[in-house]
Amino acid sequence: MVDIRTVGIIGAGQMGSGIAHVVALAGYDVLLHDVSAERIAQGLALIEKNMTRQVSRNIIEHTAMEAAIGRIKAAPELRSIGTTDLAIEAATENEETKKTIFRALGPHLGADTILASNTSSISITRLASVTDRPDRFIGLHFMNPVPVMKLVEIIRGIATGPATYETAVSFAQSLGKTTSNAEDFPAFIVNRVLVPMINEAIYTLYEGVGTVDAIDTAMKLGANHPMGPLELGDFIGLDTVLSIMNVLYEGLADSKYRPCPLLTKYVEAGWLGRKSGRGFYDYRGAVPVPTR
């Protein structure tokens, strides 16, 4: 196994900042990179906000928060991520975007740096193929919100080496996470099951079987789900839901994974859910209101 002491995270959005949050709390030094200083600053502010909430709820001590924040450093230049022991890509769920990042990072990597992707659906084997180290490339799929959710899916590409796998499992467990192994098939385990359910709920809305409120209430009270599927889609981001459905549809060539036309229309309209202020609910007021 490789001794992990420093972790580079590419992407300071909801997932990247969440990963930085838990990694720093676990005692690792973190470099956080994004396409602009503004994005990095927003990510750092989100980390501090979420840690402050944990302190207020007596989940962590204030001293632990201060120490963790002190371990996270902004990394405006992508090349600096190459100095870390483990580099985790947490960019948008788009294969070409991720490949572009790994190609750009390649010349700056240390000889022993392990690469990981937080992709929730894209082939680890294909992503690894654009690097010079497919044996040291692995999928580490954290769940959202990272500080709360206990699972990390571990996905090995066809060339992932045993030492890389053992290091990844040990690292995830050191964060207090439980790991689950998934084969390198489209969307792995969690999203192979979860996202088609959300897509089916959108079809149920599209076909007029029920309203947004009726569908979410039915699943919360009838199936004991903590969050309705349309509310969950908004939380994940409808653009991400659509991306995952497209990966499933194209990768498995099965019509049951066809994205609902209403999902496509919402994404085209920029109605992406909570992050854009509008999706299946309108979040611009004091209380979310169903849009249909």
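Start by selecting Arg133 and Asp132: their side chains are joined by a polar contact of 2.8 Å (a pair of N or O atoms within 3.5 Å, one able to donate a hydrogen and the other to accept it, with residues adjacent in sequence counted only if both atoms are side-chain atoms). You are looking at a predicted model, where local features need pLDDT of at least 70, side-chain atom pairs count only at pLDDT 80 or more, and totals for chains, interfaces and linings use all residues. Residues are numbered from 1 along each chain as its sequence is written, and side-chain values use heavy atoms, without hydrogens and water.

Stay with Arg133, in the loop between α5 (124-128) and β6 (137-142). Helices (H or I, at least four residues) and strands (E, at least two) are DSSP runs, numbered from the N terminus. Is Arg133 buried or exposed? Arg133 is buried, at a relative accessible area of 4%; buried means under 20%, exposed over 50% and partly exposed in between, with a 1.4 Å probe and protein chains only. Now add Gly110, whose backbone oxygen lies 2.7 Å from a polar side-chain atom of Arg133.

Next, show Val23. Beyond its neighbours within four places in sequence, Val23 is in contact (heavy atoms within 4.5 Å) with Val7, Tyr28, Val30, Phe171 and Leu175.

Finally, select helix α10, residues 238-252. At 1.5 Å a residue, its 15 residues should span 21 Å (1.5 Å times one less than the number of residues), and the end C-alpha atoms are indeed 21 Å apart. Its buried residues, among them Leu238, Val241 and Leu248, pack against α7 (190-206), α9 (229-236) and α11 (261-268). Just after α10 comes Ala253, with a positive phi near 50°.
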